[in-house]
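Hi,

Here is the structure I promised to pass on to you. Have a look at it first, and then read on for what turned up.

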Amino acid sequence: MKFIRLKAVTRKEFYHLIRDYRSLYLAFAIPLLLIILFGYALSLDVDNVETVFVDYDKSELSRDFIRKLDASPYFRVSALLPASKDAVDFLDHDRAKLAIVIPPDFKKSIGADREIQLQIIIDGSDPSFGNIVRGYISAFVERYNQKMLIHFLNRQGQERIHPPVDGRVRIWFNEDMESRNFIIPGLIAVIIMIVGAILTSLIIVREYENGTMETIKSMPVQAGEFLLGKAIPYFFIGLTDLLIAVLLGQLLFGIVMKGNFGLLMVAASLYLSVALSLGILISNVTKSQMLANQMAILTTYLPSLLLSNFVFPIINMPKFLQMITLVVPARYFIDILSGIYLKNLGIAYLWPSMLVLLLMFIVLTFLNYKMLKKEGL
Amino acid sequence: MSHSNSDSISVTHLEKKFGKFVAVNKISFSVRKGEIFGFLGSNGSGKSTTIRMLCGIITPTSGGGMVAGHDIVTEAEEIKKSIGYMSQKFSLYEELTPFENLRFYLGVYDVPQSKWSERIDWVLNMARLQDARNRKTRDLPTGWRQRLALGCSLLHKPDILFLDEPTSGVDPVTRGHFWNFIKQLAHGGMTIFVTTHYMDEARLCERIVMINEGCIVASGTPEQIIAGACPDKPDADLNDAFIKLMKRNDY
């Protein structure tokens, strides 16, 4: 390996990168866009659920129920409607996600200690959203019942009573259960994959398309120098994107990196190297830039998004999909990243995932080297 | 064929097979130092495969030879350092300026950095590209790019220059300049190995080998080849000889 040749290849590749607006767009605009879009728009959290009421009772008790629900951060009462069919109308036109009908004898029944049925309708077109709303509203009703009961018993002259079991729930690692806190680590994995694999998927096939590869083969540049020299500029772009993502996560969304920054850099470098060699492998086996690009999106970007625990939990996937996720590098990196980001875990816990990434890198680099050697480099 | 010290290239029974297909069928020839040597053949004749073996890009299936004093089977790396190669596509990086293209070649050929500015000036002057040194290569006319590509392949002062259809798409005036320059280089002791489809250019070669379906069908000076191929036609030219020699057995 000669430094002067390595430097020549790196410098040339760097010029390609900065003079091609498509590459720059992929390298910087896409990561920014993804962070802002995912961070703001794709919040998986549910709050302020649009709720409409039909109050046939119109008692102070029913009004109290509505007020209490509105006061909760999870619901927002947007309308009080005169009849059930109006509520259906609201649900149909997506103006409400939740409709509650209070029957006419609400107060009377409670006063007479009779069970009363409250009609609650949830828009279940998005099942995961519907499930969450169901959980919220059930918990709310449960709590309301409990309070009523205690209130009633106390008024009956009993001793002050307390519920026998009081479950004190404490959430760890992501205390506010903000999906954003998990989205940023996941996004970092996707962004590094885009920069690492999609950009580099072009770098060798481009030489073939332009006819420069034939000349490269006639030159005394070696396969190792060629590989490394081409990868270096993209390596730095990848690390820059990582820093941008960490910084934006903190500035825009207040997501503070809890773990060791050095460890984060080491893990990211390892993952980035896997992404780069994956992109170069695609570039080695394809014969047109167009095909390389499509293949890169299909084999790197989509799996990183869908099969990595980022958007969909692997544990809920069918067995064969779970098997496929074993070869998705992002899966391991997201594991490491959420460990560092949210749990402040050290190398003692993270080394198995890092080892998998290292093995992937070694295998891919070996394949790339062999293929270039075979081509006469 | 015997190898002598004045030979720049000499190959014996050189063969390349791709699976069952024989691309080059045990050919032998030699090229003298400082010679302008024409290597002619139609498309698919085995011409490119032969050049790629001589340049150390692919290894022969059998046979062997020496290029610039190095063995083509075992010393491909050394050969690559001693030759220059210019392809018909000119192989320039379009987004880079002529200066940046030259600097890339200097680095890859491991030319000592102390010589860089002198060599770059030499090529830019020779190629009359001083004023275009910082323009995008993409924006240069074909003739200028051809001169730049030639300059790139000469930067490390190679012993042998391989030119693969170096004048395709270039106008006759520029081709004339190009050949004058090639002659100068040969006078300076550089061996020129050139392929072309233009028979008026082939005439300028001192010696020619014609290859068809992987076999050598004629070799010698242009005059010898014409006389050999068309003995009963006194006014025949190289074009007639080429067409006659390239006739395939299956026609």
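Let me start with a hairpin in chain B. Strand β9 (residues 207-212) of chain B is paired with strand β10 (residues 215-220) of chain B in the antiparallel sense, with five bridges between them. If you want a spot to centre on, take B:Val209, whose bridge partner in β10(B) is B:Ser219. Two residues lie between the strands of this hairpin, and there B:Glu213 adopts a positive phi near 50°. Please keep in mind throughout that this is a predicted model.

Staying with chain B, there is also an open sheet of four strands. Its order is β2-β1-β4-β5 (chain B), and the pairing is antiparallel. The edges are taken by β2 (21-32) and β5 (70-71) of chain B; each has a single partner strand, so one side of each has no neighbour in the sheet. Helix α1 (residues 47-54) of chain B packs on this sheet, where it touches β1, β2 and β4 (62-67) of chain B. The direction of α1(B) makes about 120° with that of β1(B). As for the strands themselves, eight bridges hold the antiparallel pair of β1 (residues 7-18) and β2 in chain B. Within that pair, B:Lys17 stands opposite B:Val22 of β2(B).

One residue of chain B that I looked at separately is B:Asp159, found in the loop between α5 (142-154) and β7 (160-164) of chain B. Is B:Asp159 buried or exposed? It has 20 C-beta neighbours inside 10 Å, and 20 or more is what the cut-off asks for, so B:Asp159 counts as buried. Leaving aside residues up to four places away in sequence, B:Asp159 touches B:Ser8, B:Ala68, B:Ser82, B:Ile83, B:Met190 and B:Thr191. Its C-alpha atom is also 9.7 Å from that of B:Ile79, although the two residues are 80 apart along the chain.

Now to where the two chains meet. On the chain B side 19 residues are in contact with 20 residues of chain A. Two elements of chain B, α2 (76-82) and α3 (98-108), each give two or more residues to the side that touches chain A. The largest share of that side comes from α3(B), with four residues.

In chain A, strand β1 (residues 49-55) is a good place to begin. This strand is mostly covered, with five of its seven residues buried. β1(A) runs parallel to strand β2 (residues 75-81) of chain A, and six bridges join the two. Here A:Val54 has A:Leu81 of β2(A) as its bridge partner. Together with helix α3 (residues 60-71) of chain A, β1(A) and β2(A) form a right-handed β-α-β unit. β1(A) is also joined by five bridges to strand β3 (residues 98-102) of chain A, again running parallel. In that pairing A:Asp55 stands opposite A:Ile102 of β3(A).

Last comes a helix pair in chain A. The axes of α11 (residues 261-285) and α12 (residues 289-306) of chain A come within 9 Å and cross at roughly 140°, and these two helices are therefore oblique to each other. The crossing is right-handed. On the α11(A) side the contact is made by A:Ala275, A:Leu278, A:Gly279, A:Ile282 and A:Ser283, and on the α12(A) side by A:Ala292, A:Met295, A:Ala296, A:Thr299 and A:Thr300.

Best wishes

Methods:
Residues numbered from 1 in each chain as written. Chains lettered and ligands numbered in written order. Predicted model: local features only at pLDDT ≥ 70, side-chain atom pairs only at ≥ 80, totals over all residues. Buried ≥ 20, exposed ≤ 12 C-beta atoms within 10 Å, placed from the backbone. Pairing = 2+ DSSP bridges. Right-handed = clockwise from strand over helix to strand, strands pointing away. Axes fitted to C-alpha atoms, helices over the stretch in contact; angles between N-to-C directions. Parallel < 35°, antiparallel > 145°, perpendicular 65-115°, else oblique. Left-handed = near helix turned anticlockwise from the far one by under 90°. Contact = placed C-beta atoms within 7 Å.
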